[in-house]
Amino acid sequence: DVWRLSPHVQFDGGARLDYVSRYGGATPSLRGGARVAVGETNATVFKFGAGRFVGSVPLVAAAFGGYPTRVDRDLDPNGGLVIRERRFTPAVDDLALPRAWAITAQVEHQVRPGFDTQAGITVRRANRIATLDVSPDGGPLTVSSSGRSSYHEYQVSARKLWGADQQLFISYVRASGRGELNDFTALFQGFDAPLLQPGGQARLSTDARH
């Protein structure tokens, strides 16, 4: 819903309830935001938002225990002989709906008619991400909701308007994203037999430093 307290102040909010019995039952999520305009002409606008969001478990993760046993072999690069063999048995641990919270803040300012500027920051944290536990020596290959990720973004932009709908945008973004190296969705999205290696945290594709 949206509440307009005055021509300069506006609040909005929402709530949602996801229920999946096999993944922990009822899981609520909430979000809220505010918009505050300053000055008689509303030339400066502050925007704030925060929320807790709930995702979904990949369908293939729940069925992973039915996958066939996987055998990885290391070969001697000179003679081609097998020098090491590891067997992985797919298994499924307790899974839960992934959750994330996010906070955003922005300020927009009209320097003069036809010239606008904006600056903003976004912070997001996620947990209970379906992640594959890979042992270096083989054994159970277990998917569980143990993964985490984080994302930070800072951005500034400017827009210049001319006649005949001509516009020029200039922007700069610095984003930092880290998450699980063995994120289950990322591993099995493009490959039936992905490369398996011990996990950990790594830079994500959303990590765009400049």
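This report walks through the fold, the overall shape and one surface patch of a predicted model.

## Fold at a glance

Let's start with the secondary structure. The protein chain has two helices and 11 strands. Read from the N terminus, the order of elements is β-β-β-β-α-β-β-β-β-β-β-α-β. The radius of gyration is 24 Å, while the globule rule gives 17 Å for 210 residues, so the protein chain is more spread out than a compact globule.

How is that spread laid out in space? Along the principal axes, the C-alpha atoms fill a box of roughly 75 × 45 × 25 Å.

## Contacts and burial

Now for how the chain meets itself. Among contacts with a separation of 6 or more, 55% link residues that sit 24 or more positions apart.

What share of the residues is buried? Of the 210 residues in the protein chain, 28% are buried. The exposed area of the protein chain is about 13300 Å², and carbon and sulfur atoms supply 55% of that area.

## A nonpolar patch to look at

If you have the structure open, find Trp3, Leu5 and Phe11. Together these residues make a nonpolar surface patch of about 330 Å².

Leu5 is a handy way in, as this residue lies in strand S1, which covers residues 2-6. Is Leu5 buried or exposed? Its relative accessibility is 62%, and the cut-off for exposed is over 50%, so Leu5 counts as exposed. Strand S1 therefore contributes an exposed leucine to the patch that Leu5 makes with Trp3 and Phe11.

How values were computed:
Residues are numbered from 1 along each chain as its sequence is written. This is a predicted model: local features need pLDDT of at least 70, side-chain atom pairs count only at pLDDT 80 or more; totals for chains, interfaces and linings use all residues. Side-chain values use heavy atoms; hydrogens and water are left out. Patches are made of residues with over 30% relative accessible area and no salt bridge: like charges are joined within 9 Å, nonpolar side chains (Val, Leu, Ile, Met, Phe, Trp, Tyr) within 5 Å. Accessible areas come from the Shrake-Rupley method with a 1.4 Å probe; for residues, only the protein chains shown count as cover. A salt bridge is a side-chain nitrogen of Lys or Arg within 4 Å of a carboxyl oxygen of Asp or Glu. Helices (H or I, at least four residues) and strands (E, at least two) are DSSP runs, numbered from the N terminus. Buried means under 20% relative accessible area, exposed over 50%, partly exposed in between (1.4 Å probe, protein chains only). The radius of gyration is taken over C-alpha atoms; the globule rule is 2.2 Å times the number of residues to the power 0.38. Contact means heavy atoms within 4.5 Å.
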